[in-house]
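Reader: I have a protein model with a ligand in it. Can we go through the ligand's surroundings step by step?

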Amino acid sequence: MILDEIEVVGVDRLSPSFVRVEFGGPCLEHFGVDDQPLYDQRIKLVFPGVPGGPPPSFAGMDESWWDTWLARPEEERGHMRTYTVRDIVGTGPEARLVVDIVLHADDHGEPGPGCAWATSAAVGDRVVVLGPRRGEQYGGIEFVPGTAGRLLLVGDETAVPAVCAILSQLSWDAVGAAFLEVPTAADVLTVQHPEGVRVVWLPRDGAAHGDLLHRAVLDHLGAATDAAPAVDEVDPDLWETPTYSSSGEDVDTATAVGGSDLDDLYAWIAGESGVVTGLRRALVKDLGVDRRQVAFMGYWRRGVAMRS
Ligand SMILES: Cc1cc2nc3c(=O)[nH]c(=O)nc-3n(C[C@H](O)[C@H](O)[C@H](O)COP(=O)(O)OP(=O)(O)OC[C@H]3O[C@@H](n4cnc5c(N)ncnc54)[C@H](O)[C@@H]3O)c2cc1C
């Protein structure tokens, strides 16, 4: 893995809610995975604990780096948050890591540390990246459609970087649809995608988070719905993929998938955990989609700061 300092080399305010940050640094020469696209590759960024200060140093740490880092006081340890590799541009020592960060506020109008950092990011600012190193096992790619005949990609703004990265790396003959809910019409981005994949942007413009997404997805699957259901019990760490269950549900990988009209579908769904939970219920419980054909991922939970 790579656990090293990188530096901002470019900042581009793409829209009211997205800022694109381009990072450079010697470690990026080795960043990446072997023999497959990065798709939704997740990474961690560690921001300085004191705005404008240096990021924490991980120099000389061994396999117990996580415990060593967590044991430090917060102002020294900084804040670790999860993001997606939107792109890698350039190669060798010129390689640049591109990350699109959502500018958001919580229900009291306060930004989290990641968002606050991105709001004022400037060339020369430094953070630490934790990500894959070529030639080593790392993990963190959940988009695994296998031989599925059609794709369904669904996300709110936090998953827009991942869906856009997936779309731009799909094979030219891929078939399916992508639904992307964003805060405003001005947040609709240009994205490269195969002709056979329909891309539908859903500007919220004041609607409840996830409502448009829920309706659009169910409509696409031929199921009627009025609105996203209220979901009371939400796992803030919701992570249900064909091979992993955060709820500890048994994942049966032995039996063949079969018995539903949606057997050829592979769905990748990420965003606010309550919204994703509502979609999971609709797809798996109501429509009978085999859970081994779906990755449901809570990228954030309303009212809950990411743990670090
Ligand atoms: C695998 C994965 C990939 C991700 N990729 C990206 C990415 O590429 N770009 C990106 O911007 N985010 C991405 N996220 C989501 C991001 O990690 C969270 O939004 C994170 O909470 C942001 O940290 P923060 O410090 O800004 O806010 P936190 O300190 O974590 O949270 C502070 C408050 O803000 C709220 N909050 C967090 N995010 C939002 C939001 N988007 N809208 C409204 N309120 C919010 C929280 O509920 C909390 O109340 C990803 C998450 C995962 C798990």
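Author: First, a definition. Ala, Val, Leu, Ile, Met, Phe, Trp, Tyr, Cys and Pro count as nonpolar, Asp, Glu, Lys and Arg as charged, and the others, Gly among them, as polar. Keep in mind that this model is predicted.

Reader: How do the residues of the shell around the ligand divide into nonpolar, polar and charged?

Author: The shell around the ligand holds 26 residues. Sort them by the three classes just defined. The split is 13 nonpolar, 7 polar and 6 charged.

Reader: Which element gives the largest share of the shell?

Author: Four elements each supply at least two residues: β4 (79–84), β6 (96–102), α3 (113–119) and β14 (294–300). One of these gives 4 residues, the largest share. That element is β4.

Reader: Which polar backbone atom lies 2.7 Å from an oxygen atom of the ligand?

Author: Take the polar contacts in turn. A polar side-chain atom of R81 lies 2.8 Å from a ligand oxygen. For a polar backbone atom of V304, the distance to a ligand oxygen is 3.3 Å. The 2.7 Å distance belongs to a polar backbone atom of M306.

Reader: What percentage of the ligand's accessible area does the protein cover?

Author: On its own, the ligand has 920 Å² of accessible area. The space it takes is the largest pocket. The protein covers 94%.

Reader: Which domains each give the shell at least three residues?

Author: Look at the domain bounds, 2–131 and 150–300. Each of these stretches contributes at least three shell residues. They are domain 1 and domain 2.

Terms used. Residues are numbered from 1 along each chain as its sequence is written. This is a predicted model: local features need pLDDT of at least 70, side-chain atom pairs count only at pLDDT 80 or more; totals for chains, interfaces and linings use all residues. Side-chain values use heavy atoms; hydrogens and water are left out. A residue is near a molecule or strand if one of its heavy atoms lies within 4 Å of it. A polar contact is a pair of N or O atoms within 3.5 Å; within protein, one must be able to donate a hydrogen and the other to accept it, and residues adjacent in sequence count only if both atoms are side-chain atoms. Accessible areas come from the Shrake-Rupley method with a 1.4 Å probe; for residues, only the protein chains shown count as cover. On a 1 Å grid over the protein atoms alone, a cavity is a set of points where a 1.4 Å probe fits but cannot get out, and a pocket is an open set with protein on both sides within 12 Å along at least five of seven lines; lining residues have an atom within 4 Å of a point. A molecule sits in a cavity or pocket if more than half of its atoms lie within 2 Å of its grid points. Domain bounds come from an automatic or database domain assignment.
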